[in-house]
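Subject: Structure handover and notes

Dear colleague,

Here is the structure I promised to pass on to you. Please open it alongside this message, since the notes below are meant to be read with the coordinates on screen.

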Protein chains: 2
Amino acid sequence: MKLLDALHSQNHGRPPVWIMRQAGRYLPEYRKIREKHSFLEMTHTPELAAKVTLQPIQRYELDAAIIFSDILFISESLGYPFEFIDGVGPVLNTPLLPKDIDNLQKQQPLDFIEEAIRLVKSQVSIPLLGFSGAPFTIASYMIEGGSSRDLKKTKQWLFHQPDNFKRLLEVLTDAIIENLNDQIDAGVDAVQIFESWASHLALPQLRQFSFPYLRKIVENVKAPTILFGRGTAGYIEELAKLHPGGLGLDWSCDLAHMRSLISSAIALQGNLDPQVLFAPEKTIRDECTKILKNMEGDPGFIFNLGHGILPDTPPENVHILIDTIKSFSCNKSSSLISSS
Amino acid sequence: MKLLDALHSQNHGRPPVWIMRQAGRYLPEYRKIREKHSFLEMTHTPELAAKVTLQPIQRYELDAAIIFSDILFISESLGYPFEFIDGVGPVLNTPLLPKDIDNLQKQQPLDFIEEAIRLVKSQVSIPLLGFSGAPFTIASYMIEGGSSRDLKKTKQWLFHQPDNFKRLLEVLTDAIIENLNDQIDAGVDAVQIFESWASHLALPQLRQFSFPYLRKIVENVKAPTILFGRGTAGYIEELAKLHPGGLGLDWSCDLAHMRSLISSAIALQGNLDPQVLFAPEKTIRDECTKILKNMEGDPGFIFNLGHGILPDTPPENVHILIDTIKSFSCNKSSSLISSS
């Protein structure tokens, strides 16, 4: 169980590896199911979600599965379901307004996720990850009604009605904690929280509208949590103070340097540029090896990309990535033996 | 000359302030000229460029002017002129291919920029800034043919033909140095280099395809250089080793923390979220004051936004920003006097 060992900073030999969006469109077997079913059908039908979750596990020697789901389903559980439109992304037909906070429904459990988790767990022995969006990120999607270049409506609300915005974050935080604990009860071994829009927010606002809610989630979720966001390297010390199980980082930092800034008790996850998987084999191996050497011997290192794998990634290049990590492991073990 | 003093880490009292894109669409007097002339006409006609450069100086008590121009004109000087299409941005009808490198024209001077600089200098006493895009950023625009979500073509080239890509960066670097020194000869007092797409590139690639060229520019330009990019806080120590006059930072970091990581000989510029300028007056003042207090007494601090001012910013809120900085100055001076 390399992944769980790493989340407790107790991994030896090669690092564990999993890939953000590893169950996804770059796999032909995924596209085959996607041709017949919408994204919402796939995520809401436990048998399909479980099948898709298992696809990358069957193809590659990965060290974790991650349940096929979406960061925004908390919104659905509060009565605001997103549609997912090809080429557009998630869309909420009636974006949330400040006056709507009191109308948010009491949370309904997302049974379909739990059922998919139970199906996957009955078929795999490697750890299974659950996940959710973070409160600020989900709030932003609900307020903007979908993706946004600049989160203008969200920031208007946040700057003009900060107390009201915080009430929304509190409702979301409680719903996320309940949902993640349901996922854990159904069988996931650890969870990742996506603060996907962290880089839109200035640090003084992150301190008010993100970190306190992340802290509450970390403290109340019953399994190790990995916090992921892009552009977070400049304040990693502040994230470390939230005491997560791990921090996922994008490609704009040197993981060994990040390690020097924070406690060895917190796992570090990352951080290969997903576009390296379009490079020639030698470059893929070289770029992976840079990261492996850089983090060599770190018992809390989890290999991953710095962001989700891209939809048109050649699947054979993922084999090269994983083979490089596993080969490196051998060298490392023998060097440890010879030097000890 | 507070700005130049700060660039030599010798400023006392309140910090100097200028605003990225301070000459721009948020000003009604700018929009009036823009109604009659295209962006290219405005930038290529020295009288118009000078007039627009002076507009924010006439309206606000800013500590620097910045010439009205574009980061991509180096491409034009090499025979690849961009068009600027409303709602789309810069467009190059024939994006650059690897085979085109040998066809890049010998550089033609961008006389219109120099003439605009001379016109501005004859009318202002505050420092005037020149600027250019950085080699990697300009190369990316030329290869993609405009803006891009993921720089996919650029990264294909970079990973598959790195030596050829470096030849392009060398051509651009030499052209940028020559152009910036022309701007300095015409009268600018300092220059800013925009590595606008730094956050698209992983740190191992920045070390190969950005930093060495930035270093060459810093070493060969005859006036202080400010390096600006977004998402750079995680590797600020590496940028500091390029020995620029200053580093411009986005809003995702704490400037005092950044200061603790690098030499006091390098100015730090930033980093208010431009969207704070849509907040109520009290919030604008509070958020400015946080930064001012945080950097209080730092002789190398330059107040700016963390990115360009947004086109629909209420112009009166820029008055609030500048007034806050100037009022803070008074408090600071008196406290210095009383404590010394």
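What follows are my notes on confidence, on the symmetry, and on one pair of helices.

Please keep in mind throughout that this is a predicted model. For the complex, the predictor gives an ipTM of 0.93 together with a pTM of 0.94. Chain A has an average pLDDT of 95, and 96% of its residues score at least 70. One stretch calls for caution: across residues 332-340 of chain A the pLDDT falls below 50, and, leaving aside near neighbours in sequence, that stretch has 3 contacts in the model.

Turning to the symmetry, a turn of 180° with a shift of 0.0 Å along the axis lays chain B on chain A, and the RMSD of that superposition is 0.0 Å. This is the relation of a two-fold axis. The two copies use the same surface to meet, in that 100% of the contact residues of chain B recur in chain A. If you would like a landmark for the axis, look for Gly234(B), which among the residues of chain B comes closest to the rotation axis, its C-alpha lying at 2.3 Å.

Within chain A, I looked at helix α9 (residues 162-186) and helix α11 (residues 211-220), whose axes come within 10 Å and cross at roughly 25°. Angles under 35 degrees count as roughly parallel, and α9(A) and α11(A) are therefore roughly parallel to each other. The crossing of α9(A) past α11(A) is right-handed. On the α9(A) side the contact is made by Lys166(A), Leu169(A), Glu170(A), Thr173(A), Asp174(A), Ile176(A), Ile177(A), Leu180(A) and Asn181(A), while α11(A) contributes Tyr213(A), Lys216(A), Ile217(A) and Asn220(A). Sorted by class, the residues of this contact between α9(A) and α11(A) comprise 6 nonpolar, 3 polar and 4 charged.

The corresponding helices of chain B can be described as follows. Helix α9 (residues 162-186) of chain B packs against helix α11 (residues 211-220) of chain B at an angle of about 25°, and their axes are 10 Å apart. That makes α9(B) roughly parallel to α11(B), and the crossing is again right-handed. Among the residues of α9(B) that meet α11(B) are Leu169(B), Ile176(B) and Leu180(B), and the residues they face in α11(B) include Tyr213(B) and Ile217(B). The contact of α9(B) with α11(B) has 6 nonpolar, 3 polar and 4 charged residues.

With best wishes

Methods: Residues numbered from 1 in each chain as written. Chains lettered and ligands numbered in written order. Predicted model: local features only at pLDDT ≥ 70, side-chain atom pairs only at ≥ 80, totals over all residues. Heavy atoms only, no water. Least-squares fit on C-alpha atoms with pLDDT ≥ 70 in both. Contact = heavy atoms within 4.5 Å. Axes fitted to C-alpha atoms, helices over the stretch in contact; angles between N-to-C directions. Helix = DSSP H or I, 4+ residues; strand = E, 2+ residues; numbered from the N terminus. Parallel < 35°, antiparallel > 145°, perpendicular 65-115°, else oblique. Left-handed = near helix turned anticlockwise from the far one by under 90°. Nonpolar A, V, L, I, M, F, W, Y, C, P; charged D, E, K, R; others polar. pLDDT = per-residue confidence, 0-100.
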